[in-house]
Amino acid sequence: MGSNLVRFFLSRSYAVCVVSRKCNNLADVMDSIEFIEHSTPGYTQLADQIRAFNPTVVIHCAWDGGSAYNDVNSTKQFHNIAYGLELLTCIGKAAFIGVGSFSEYGVMTVPMSERALDAPITSYGQSKSCFKSISKMICNQKGVRWTWVRPCLIYGPNDVPTRLFPSTIRKLVAGENVVLDSCRDVVDYLHVDDFCTGMNTLLESSVSGVVNI
């Protein structure tokens, strides 16, 4: 999501600063962005650089352990809450858009709306849900706009290799078995270009709160 968002916003003349551990997917646009290398967990050590950029909007996509299915119940999921809190202290009065997950809903047997209650069944979903509540409280205290975006399952260019579409394609091509879960969830799939369009629509509107895309 991150690298595609960067290209999308650059195409619309936004000034973009990227905070990331690596820039492999951004080699073609490095001259057009400001890049802050995120070499160690947390954001406190990057506070001065982030404040110097003076962002008006911060989109928080980073989530350690969010890309591999075998990490969904790892305790490291909860470390992300502390990391996110550090980021919130670095961004001043910038509007905050957190990227959540439909995992916050738990088992999805019917289409979910923003009004549905969280009922996570994994550490990943629970940690996302917890940070959602905490970030909302902090943004309310600071008097800044808070939006929590839950994207449907994203696919498209530069996808993480362990996610559903690229991993399934890779296994089928290699003649390997594709292991499924209980197949109880009802989900939709969203191309990353449509996700980027939705995020841009949010930026250009006054919408706040929880938004499913």
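**Chatting through a predicted model**

Q: Let's start with Leu-164: buried, exposed or partly exposed?
A: Leu-164 counts as partly exposed, because its relative accessibility is 43%. That value, like the others here, is computed from a predicted model.

Q: Where does Leu-164 sit?
A: You'll find Leu-164 in helix H5, which covers residues 164–173.

Q: Which residues make up the nonpolar surface patch?
A: The patch is made by Leu-153, Leu-164, Phe-165, Ile-169, Val-173, Val-187 and Tyr-189. Together they form about 630 Å² of nonpolar surface.

Q: And which element gives the largest share of that patch?
A: Helix H5 does, with four residues. Ile-169, for instance, lies in helix H5.

Q: How far is Leu-164 from Ile-81?
A: Their C-alpha atoms are separated by 25 Å, and along the chain the two residues are 83 apart.

Q: Let's zoom out. How many helices and strands are there?
A: The protein chain has six helices and eight strands. Going along the sequence, they come in the pattern α-β-β-α-β-α-β-α-β-β-α-β-α-β.

Q: Why is the chain described as being as compact as a globular protein of its length?
A: Its radius of gyration is 17 Å, which is close to the 17 Å that the globule rule gives for 213 residues, so the chain is as compact as a globular protein of that length. If you drew a box along the principal axes, the C-alpha atoms would fill roughly 50 × 40 × 30 Å.

Q: What share of the residues is buried?
A: Buried residues account for 39% of the 213. As for the outside, the chain exposes about 11700 Å², with 54% of that supplied by carbon and sulfur atoms.

Q: What about contacts between residues at least 24 apart?
A: Taking contacts between residues at least 6 apart in sequence, 67% join residues at least 24 apart.

Q: New topic: how many salt bridges does the structure hold?
A: Seven. As background, side chains of opposite charge can pair when their charged atoms come close.

Q: What does Glu-104 pair with?
A: Glu-104 forms a salt bridge with Arg-150, and the closest N and O atoms are 2.9 Å apart. This pair links distant parts of the chain: Glu-104 is in the loop between strand E4 (95–99) and H4, while Arg-150 is in strand E5 (residues 146–150), 46 residues apart.

Q: Is Glu-104 buried or exposed?
A: Glu-104 counts as buried, because its relative accessibility is 0%. Arg-150 is buried too, with a relative accessible area of 1%.

Q: Which residue meets Arg-150 in another salt bridge?
A: Asp-118, and here the N to O distance is 2.9 Å. Asp-118 lies in the loop between E4 and H4, 32 residues from Arg-150, so to speak of distant parts of the chain being linked fits this pair as well. Asp-118 is partly exposed, with a relative accessible area of 25%.

Q: Which residues end up in one network?
A: Glu-104, Asp-118, Lys-132 and Arg-150 are joined by salt bridges that share partners.

Q: Which partner does Asp-71 have?
A: Asp-71 forms a salt bridge with Lys-76, where the closest N and O atoms are 3.7 Å apart. Asp-71 counts as buried because its relative accessibility is 18%, under the 20% cut-off. Lys-76 counts as partly exposed, at 28%.

Q: Now Ser-127. Where is that one?
A: Ser-127 lies in helix H4, which spans residues 123–142. Ser-127 counts as buried, at 0% relative accessibility.

Q: What does the side chain of Ser-127 reach?
A: The side chain reaches the backbone oxygen of Ser-123, at 2.9 Å. Ser-127 is also in contact with Trp-63, Gln-77, Phe-78 and Ile-81, leaving aside neighbours within four places in sequence.

Q: Last one: where is His-38 found?
A: His-38 is in the loop between strand E2 (34–37) and helix H2 (47–53). His-38 counts as buried, because its relative accessibility is 10%.

Q: And which residues does His-38 touch?
A: Not counting residues up to four places away in sequence, His-38 touches Val-19, Ser-20, Arg-21, Tyr-43, Gln-45 and Leu-46. The side chain of His-38 also reaches the backbone oxygen of Gly-42, at 2.7 Å.

Note on methods
Residues are numbered from 1 along each chain as its sequence is written. This is a predicted model: local features need pLDDT of at least 70, side-chain atom pairs count only at pLDDT 80 or more; totals for chains, interfaces and linings use all residues. Side-chain values use heavy atoms; hydrogens and water are left out. Helices (H or I, at least four residues) and strands (E, at least two) are DSSP runs, numbered from the N terminus. Buried means under 20% relative accessible area, exposed over 50%, partly exposed in between (1.4 Å probe, protein chains only). A polar contact is a pair of N or O atoms within 3.5 Å; within protein, one must be able to donate a hydrogen and the other to accept it, and residues adjacent in sequence count only if both atoms are side-chain atoms. Contact means heavy atoms within 4.5 Å. A salt bridge is a side-chain nitrogen of Lys or Arg within 4 Å of a carboxyl oxygen of Asp or Glu. The radius of gyration is taken over C-alpha atoms; the globule rule is 2.2 Å times the number of residues to the power 0.38. Accessible areas come from the Shrake-Rupley method with a 1.4 Å probe; for residues, only the protein chains shown count as cover. Patches are made of residues with over 30% relative accessible area and no salt bridge: like charges are joined within 9 Å, nonpolar side chains (Val, Leu, Ile, Met, Phe, Trp, Tyr) within 5 Å.
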